[in-house]
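Student: Could you take me through one part of this structure in detail? I would like to start with the surface and then see how that part sits in the rest of the chain.

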Amino acid sequence: FLTKLNSTSIKENRVICWRAVASMAWSVLLLLPTTALFVLLSRFSLFHPILWISECLSLLTSASAIFSFILLCGVVLMVGFFNLEYYTVVPSIACSKIALLGQVLHPRQFVHSLVHCIMGVVVAWCCAFTIGGRYRSLGHPCTQDESSGPEMCLNEYHLVLLLVGAFIGYSHSLVGVVYNMNYVSFHTMQQYKYLRFKGALPLVVKASAVQALYCLRTFLLLYFFMGYAPRAWICKTLDLNINSSIHSLDSVSSLLDLSLLYHLWISGTFLLLTWYITVLLFRIFVTEVYSFPVQSTFTEDAHQCLPKVITGTQPMILKFLALQDLALLSQHSPSRRLEVFSLSQPGGHPHIWTALSKECLSLLSDLTERLVAHHDTVATNGRAKSQSTGVCKSCKNTPLTPSIPPVTSVGMEDMKTPRPGALIRTPGSVFLRSSVGAGLRTPLTIPFTPDLDSPFSSPALRRLTGPLEPQGALSPGFSSIQSPHVMRRGPKLWSASTGEGQPRGHTRLVLPMDYFLTHCFVSLQLPEASSQALFADSQVHIWALQGLSHLVAASFSEDQYGIVQTTLPTILSTLLLLQEAVDRHFKLPHTSSKPGHCSCSMGDDSYKTLRFALRSTLKTSVYRITATFGGHLQ
């Protein structure tokens with residue numbers, strides 16, 4: 001066990017840690033031209049270009065600039081360490097606003113935000129020293145009274161720049177939680193690292209400038225109303241005075257200083273640019289294609305082979321890289337495909353194909369069961385369990401009211417053996433339309449209503465969403481039914497009553513507390529979040545589909561022993577079951593049928609389109625297999 005654990009840690013260090021170290025090294029190397037560009041832009045002088053260039057060159061070669069650069073290198077290395085510590089290949093999707101708030105207030109996230117605030121202050125101090133002038137130091141000598149000697153007063157320009165760095169650092173950490181900045185996605189098209197970095201660099205610069213502008217706008221509003229608090233605290237802590245001869249910066253005229261706004265914005269852009277470049281390089285290096293050996297000659301290297309990595313309990317990133325390698329070898333490597341179709345010696349068993357196909361089918365079956373369970377949950381919460389209880393007993397068997405079979409849950413057995421007599425529950429009733437039989441309307445229900453048979457369900461909620469009672473038991477909130485063949489309606493929110501002490505025709509509001517709480521709960525749900533969470537790890541399923549379908553199609557001419565044909569029925573049935581589950585999922589309410597537009601920020605939202613990519617890949621895989629084998633499938 002210790003040997004296996006040690007080998008796993010060695011593989012993780014080779015594949016992940018060394019790539020992270022390489023990305024940090026490149027981030028430090030790129031910090032030098034980025035810093036030089038910031039120095040040029042921060043000290044820009046249109047009317048004195050020669051003096052501007054000479055001052056920048058002297059500053060870049062000074063000992064203080066080297067010390068600032070060392071601090072910036074330490075910050076970049078710390079950002080790279082947090083990237084390695086917090087990255088994930090499966091995004092954490094909050095299905096409600098309460099869950100998102102819980103992620104923001106998590107202690108682990110609190111540490112992340114605190115450290116980024118401190119790093120923002122360090123970068124802002126380096127920027128203040130680089131800009132120089134009125135931003136150089138926190139205190140400056142001043143004379144408050146002619147009778148007293150010189151005193152140390154607070155330099156509010158330096159303080160504002162430090163506070164902007166802390167605020168942007170916290171905003172960066174907060175945006176990382178909301179928009180899944182720690183999510184690492186794999187690109188569909190393979191490119192060299194240099195080309196990927198070159199193509200993404202304009203987006204990084206644009207995202208840094210835009211986010212710095214938005215953060216600066218928010219910070220100025222906060223400082224305008226609450227700027228006195230940090231100013232007074234700093235003065236009291238460091239025993240500094242406030243120069244009364246200079247206007248404070250928490251005023252409209254002071255905050256509209258164009259030079260101040262420019263230096264704050266360029267400093268924030270420099271801070272975010274260095275951090276975003278580190279994030280971008282980490283994503284590029286970690287997701288680089290890694291080729292695993294299909295089989296090994298020596299036994300001690302067997303744990304590094306593709307079947308062992310895919311089927312073993314490896315770190316998730318290694319499993320992703322292994323499945324990516326499987327999808328690529330099934331398309332572009334005939335020699336490695338022959339190794340997959342080979343038999344073991346001695347014994348003549350297809351161990352490699354068995355291990356790969358079993359793991360891929362297991363992943364696809366798990367996704368199918370997950371989709372079916374989600375569909376049953378939504379369908380159960382979307383309508384009442386029995387739909388025939390709303391018809392009066394005396395007219396249940398009349399020609400105008402056909403009998404309705406009970407609604408049963410749809411599981412894996414129902415998908416394998418469809419029964420036309422049973423009704424499949426769908427949450428269509430939440431959109432005020434549901435018909436059974438010959439035009440018979442079912443009672444309307446509230447979306448995501450709780451189980452009516454639960455002991456925690458109140459009588460008010462049962463009256464609101466449960467089976468309706470006979471006419472004689474109707475409360476004043478229910479409308480009377482004249483015909484026995486017409487379904488009784490639910491309770492009215494507004495009803496007319498003429499009780500004692502009320503004028504005739506008085507209208508009262510019938511709003512149960514359960515109704516209010518249910519709608520409050522629904523309003524806190526994020527749209528399509530549950531559907532996105534179901535397909536959050538669908539990248540592995542896409543690669544499993546591609547690998548299986550391409551290997552099966554290639555086996556038609558390359559499989560000399562016919563080992564793939566033994567599992568072909570299982571593969572086809574698994575794909576068709578998943579196809580049916582995916583089609584049913586896209587028919588659910590609150591599930592979009594078209595992919596949305598991706599934003600241009602650094603937050604990777606490609607996980608939002610994984611379900612559409614999976615649906616397309618699934619249809620293509622089924623077509624590829626059937627088109628290859630054709631009539632042989634009989």
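Tutor: Happy to. Let's begin with a nonpolar patch on the surface, formed by Leu221, Leu222, Phe224, Phe225, Met226, Tyr228, Val252 and Leu256, which together have about 840 Å² of accessible area. Please keep in mind that this is a predicted model. The element that gives the most to the patch is helix H7 (residues 193-226), with 5 residues. Another patch member, Val252, belongs to helix H9 (residues 252-255). Val252 counts as exposed because its relative accessibility is 52%, and the cut-off for that label is over 50%.

The UniProt record is a helpful companion here. Its unreviewed entry lists residues 200-226 as a "transmembrane region", along with 20-44, 56-80, 117-137, 157-179 and 262-286. In the model, the span 200-226 is 100% helix and 0% strand, and its end C-alpha atoms lie 38 Å apart. For residues 117-137, the helix share is 71%, again with 0% strand, and the end C-alpha atoms are 20 Å apart.

For a contrast with Val252, look at Ser173, which is found in helix H6 (residues 156-178). Ser173 counts as buried because its relative accessibility is 1%. Setting aside neighbours within four places in sequence, Ser173 is in contact with Gln109, His112, Ser113 and His116.

Now to the interior. The largest nonpolar core holds 67 residues, and those with the most contacts inside it are Leu326, Val340 and Trp353. Helix H14 (residues 351-382) supplies the largest share of this core, 10 residues. Beyond its neighbours within four places in sequence, Leu326 touches Leu306, Ile310, Leu356, Cys360, Gly547 and Leu551. Apart from this core lies another, of 47 residues, including Leu31, Ala207, Leu216 and Trp275.

Finally, here is the wider setting. The protein chain has 21 helices and 6 strands, and buried residues make up 44% of its 634 residues. If you take contacts between residues at least 6 apart in sequence, 74% of them join residues at least 24 apart. The chain exposes about 33,700 Å², of which carbon and sulfur atoms supply 64%. So, when you turn back to the surface, you can place the patch with its 5 residues from helix H7 alongside the record's "transmembrane region" at residues 200-226, bearing in mind that such annotations may be inferred rather than shown by experiment.

Conventions: Residues are numbered from 1 along each chain as its sequence is written. This is a predicted model: local features need pLDDT of at least 70, side-chain atom pairs count only at pLDDT 80 or more; totals for chains, interfaces and linings use all residues. Side-chain values use heavy atoms; hydrogens and water are left out. A nonpolar core is a set of buried Ala, Val, Leu, Ile, Met, Phe, Trp, Tyr and Cys residues joined through side-chain atoms within 4.5 Å. Buried means under 20% relative accessible area, exposed over 50%, partly exposed in between (1.4 Å probe, protein chains only). Helices (H or I, at least four residues) and strands (E, at least two) are DSSP runs, numbered from the N terminus. Contact means heavy atoms within 4.5 Å. Patches are made of residues with over 30% relative accessible area and no salt bridge: like charges are joined within 9 Å, nonpolar side chains (Val, Leu, Ile, Met, Phe, Trp, Tyr) within 5 Å. Accessible areas come from the Shrake-Rupley method with a 1.4 Å probe; for residues, only the protein chains shown count as cover. A salt bridge is a side-chain nitrogen of Lys or Arg within 4 Å of a carboxyl oxygen of Asp or Glu.
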